[in-house]
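User: I have a model open and would like to learn how to read its features. Where should we begin?

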Amino acid sequence: MRWGISGFEPSFLTGLDAVRQVHGPRLAALAGWRLTGFAVVRFAEDGEWFADCPVVLDFEGAQVEVCHQKLDELSIGWDTIDTTAAVTGWEWYELTPRWSREDERLVPFVGEELREVALLERRPDGRDLAAGTVAVEFSFARGRLRIANGLDENRVEVGAAPPGHVRHRPGR
């Protein structure tokens, strides 16, 4: 259990090939499934998103748990996190983390059928610390939703990918 999250035992990978090899076929198989829910960790006191914790997406009972750390590590989990359990072990911290099903970026996609999953690789340009990072992109009729590396935390993005990313199919 990491960060007091029941069931969260991340397995971080680095690079497109590693992510594709371990998770590619399963990510690709999600196409055609509806996003039925999600969960993120927010602080009870101010509602701020704790971006270090995984973003959990539920596709009709298949739960995908995406989490980035450091400059280039990505963990994708499947059906391991219990988002109904309290986030514990934070007695030393001044804020109280809890699971939330509120996020203005994610809510519009709930109920939508997933068209495609892609892995986006950040290409090096000589000055970019994010070079080589891998984002997971979910495409719906309403647009695209990405969970990217925010340089040692998760970043949720909506819309077209920023320049400098190369799109890859997850299952070759």
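Analyst: Begin with the term strand: here strands, labelled E, are DSSP runs of at least two residues, numbered from the N terminus. With that, Arg169 can be placed in the segment after strand E11 (165-168). Keep in mind that this is a predicted model.

User: Is Arg169 buried or exposed?

Analyst: The cut-off for exposed is over 50% relative accessible area. Arg169 has 61%, so Arg169 is exposed. For a sense of distance, take Thr36. The C-alpha atoms of Arg169 and Thr36 are separated by 23 Å, and the two residues lie 133 apart along the chain.

User: Now the sheet. How do I read strand pairing, and what is the strand order in the open sheet?

Analyst: The general idea: strands of a sheet pair through backbone hydrogen bonds, either parallel or antiparallel. In this model, six strands form an open sheet in the order E1-E5-E4-E3-E2-E6, and the pairing is antiparallel. Strand E1 (13-14) and E6 are the edge strands, each pairing on one side only.

User: Which residue stands opposite Thr14 in E5?

Analyst: That is Glu73. The strands concerned are E1 and E5 (residues 73-78), which pair in the antiparallel sense over two bridges.

User: How does E2 pair with E3 and E6?

Analyst: Take one side at a time. E2 pairs with E3 over four bridges, antiparallel. Leu35 faces Phe59 of E3 there. E2 is also joined to strand E6 (residues 97-100) by four bridges, again running antiparallel. On that side, Val41 has Trp99 of E6 as its bridge partner.

User: How many residues of E2 are buried?

Analyst: Buried means under 20% relative accessible area. Eight of the nine residues in E2 are buried, so the strand is mostly covered.

User: Next, salt bridges. How many are there by the rule used here?

Analyst: The rule asks for a side-chain nitrogen of Lys or Arg within 4 Å of a carboxyl oxygen of Asp or Glu. The count comes to 10 salt bridges. One of them joins Glu73 and Lys70, with the closest N and O atoms 3.9 Å apart.

User: Why does Glu73 count as buried?

Analyst: Glu73 counts as buried because its relative accessibility is 15%. Its partner Lys70 counts as partly exposed because its value is 46%.

User: Which residue forms a salt bridge with Arg167?

Analyst: Glu137 does, and the closest N and O atoms are 2.2 Å apart. This pair links distant parts of the chain: Arg167 sits in strand E11 and Glu137 in strand E8 (residues 134-140), 30 residues apart. Arg167 has 34% relative accessible area, so Arg167 is partly exposed. Glu137 has 0% relative accessibility, so Glu137 counts as buried.

User: What about Arg146 and Glu157?

Analyst: Arg146 forms a salt bridge with Glu157, their closest N and O atoms being 2.8 Å apart. This pair, too, links distant parts of the chain, with Arg146 in strand E9, Glu157 in strand E10, and their positions 11 residues apart. Both residues are buried. Now widen the view. Salt bridges that share partners join Glu137, Arg146, Arg155, Glu157 and Arg167 into one network.

User: Which residues form the negative surface patch?

Analyst: For a patch, look for like charges within 9 Å, on residues with over 30% relative accessible area and no salt bridge. Glu45, Asp46, Glu48 and Glu94 form the negative patch. Asp46 belongs to the loop between strand E2 (35-43) and strand E3 (55-59). Asp46 counts as partly exposed because its relative accessibility is 45%.

User: Last topic, backbone angles. What is the phi of Glu60?

Analyst: Check the sign, then the residue type. Glu60 has a positive phi of about 50°, although it is not a glycine. Glu60 lies in the loop between E3 and strand E4 (62-69). At 46% relative accessibility, Glu60 is partly exposed.

User: Where does Asp152 lie?

Analyst: Asp152 is in the loop between strand E9 (143-149) and strand E10 (154-158). Its phi is near 85°, a positive value in a residue other than glycine. Asp152 counts as partly exposed because its relative accessibility is 42%.

Methods:
Residues numbered from 1 in each chain as written. Predicted model: local features only at pLDDT ≥ 70, side-chain atom pairs only at ≥ 80, totals over all residues. Heavy atoms only, no water. Patch = residues over 30% accessible without salt bridge, like charges linked within 9 Å, V, L, I, M, F, W, Y side chains within 5 Å. Areas by Shrake-Rupley, 256 points an atom, 1.4 Å probe, with all protein chains shown as cover. Lys, Arg positive; Asp, Glu negative; His and termini not counted. Charge placed at Lys NZ, Arg CZ, Asp CG, Glu CD. Buried < 20%, exposed > 50% of the residue type's maximum accessible area, 1.4 Å probe, protein only. Pairing = 2+ DSSP bridges.
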